[in-house]
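Student: I've got a protein model to look at and I'd like to talk it through. Can we take it one question at a time?

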Amino acid sequence: MPPQIRQYHDTDSNYRLPNDQTEHERLGLLNDVLRSFIGGSYLVPLRKPDVRDVLDICCGSGHWVLDMANEFPNARVVGLDISKPSVVAPSPSITFIQHDIKQGLPFEDAAFDFIQMRTVPSIPDRGELMVEIYRILRPGGFLAFFEPDQSISRQLQRRSPALAEVDRLLNKLPHMPRSKTLDEGTEQPNSWSIAHELEHVMYNSGALLFERGDVKSFFLPIGTWPEDPVLREMGRKMAIVQIRLIETLGDQFRKLPDFGDDEFHALQNWAREEVEDEALQLEMEFVYAWGRKL
């Protein structure tokens with residue numbers, strides 16, 4: 001069976017995942033899981049009367065924007081992304097803007113009360129972006145980052161072999177971050193994730209002043225191994241997200257040396273077996289960091 005033909009944006013951005021309906025459905029499912037797991041769309045201590053303008057940087061499918069607009073019906077909620085979202089804005093208070101954030105943020109100073117940026121590991125160097133975020137955030141406004149780490153097996157106490165191989169290939173892709181730490185005996189970075197760098201990015205960005213909020217880790221199950229029925233349902237959805245992510249990465253993996261269709265299909269099957277193996281007790285850490293502009 002030939003691989004599905006995927007749709008990509010036509011810019012020179014380093015973001016290389018598709019921007020089609022299939023990818024947006026995966027992002028929408030991930031949004032549902034994260035919302036259920038943390039008990040809402042955010043963890044910052046927002047007061048509804050104070051929230052007039054909200055921005056989601058790299059909004060992807062746009063589902064979080066809709067969730068926030070439902071919760072804050074009197075606020076302007078803006079989604080910014082290099083591609084158009086798949087959702088339709090049902091209210092004039094919702095705006096989607098197509099823009100590459102490498103060109104800065106197209107807003108006036110002090111324009112927002114709350115800014116979020118979630119699951120964007122392909123933008124690890126956020127120094128210039130932090131300057132822009134600080135510029136457009138109102139004094140007393142909140143900034144939140146939410147990023148995933150690599151999956152791990154509770155049973156093995158380390159990464160499972162197939163998903164570790166997926167991570168290894170991810171590290172080779174040109175759009176992924178380059179960690180300062182290398183795997184022993186190799187020249188490859190040991191993680192594509194920037195989850196555990198968020199605290200440094202948030203609170204140590206030069207002269208920018210953010211009041212320390214909180215940094216929390218959440219471990220989401222992958223697969224139906226949890227006994228708790230609510231967590232089991234989340235794990236079922238996370239398994240779909242994980243398998244679809246690997247499918248999504250197929251076009252990029254096939255561009256790597258000595259990695260063609262046969263190798264990719266073998267990796268897909270291997271990874272699916274692990275995700276479906278309840279004995280492995282797979283889970284993925286997500287780190288949420290927030291601060292407040294002084």
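Student: Which elements do the buried residues of α6 pack against?

Tutor: Buried means under 20% relative accessible area, with exposed over 50% and partly exposed in between (1.4 Å probe, protein chains only). Helices (H or I, at least four residues) and strands (E, at least two) are DSSP runs, numbered from the N terminus. In α6, the buried residues include Met-234, Met-238, Val-241 and Ile-246. The buried residues of α6 pack against α1 (21-38), α4 (161-172), β6 (210-222), α7 (250-253), α8 (261-276) and β7 (282-293).

Student: Before we go on, how should I read these numbers?

Tutor: This is a predicted model, where local features need pLDDT of at least 70 and side-chain atom pairs count only at pLDDT 80 or more, while totals for chains, interfaces and linings use all residues. Residues are numbered from 1 along each chain as its sequence is written, and side-chain values use heavy atoms, leaving out hydrogens and water.

Student: What is the average pLDDT of the protein chain?

Tutor: pLDDT is the predictor's confidence in each residue, from 0 to 100. Here 88% of the residues score at least 70, but over residues 179-188 the pLDDT is below 50. The chain average is 89.

Student: How far does α6 reach from its first C-alpha to its last?

Tutor: Helix α6 covers residues 229-248, so count 20 residues; the expected span is 1.5 Å times one less than the number of residues. That gives an expected 28 Å, and the helix comes close to it, reaching 28 Å.

Student: Which element gives the most to the largest nonpolar core?

Tutor: A nonpolar core is a set of buried Ala, Val, Leu, Ile, Met, Phe, Trp, Tyr and Cys residues joined through side-chain atoms within 4.5 Å. The largest one has 56 residues, and Val-44, Phe-114 and Tyr-288 are among those with the most contacts inside it. Elements giving two or more residues include α1, β5 (137-153) and α8. The top giver, with six residues, is α6.

Student: How many disulfides does the structure hold, and why is Cys-59 not in one?

Tutor: A disulfide is a pair of cysteine sulfur atoms within 2.5 Å. The closest cysteine sulfur to that of Cys-59 belongs to Cys-58, and because they are 8.1 Å apart, that is too far for a bond. Cys-59 is also buried, with a relative accessible area of 8%. So with that 2.5 Å cut-off, the number of disulfides in the structure is zero.

How values were computed: Contact means heavy atoms within 4.5 Å.
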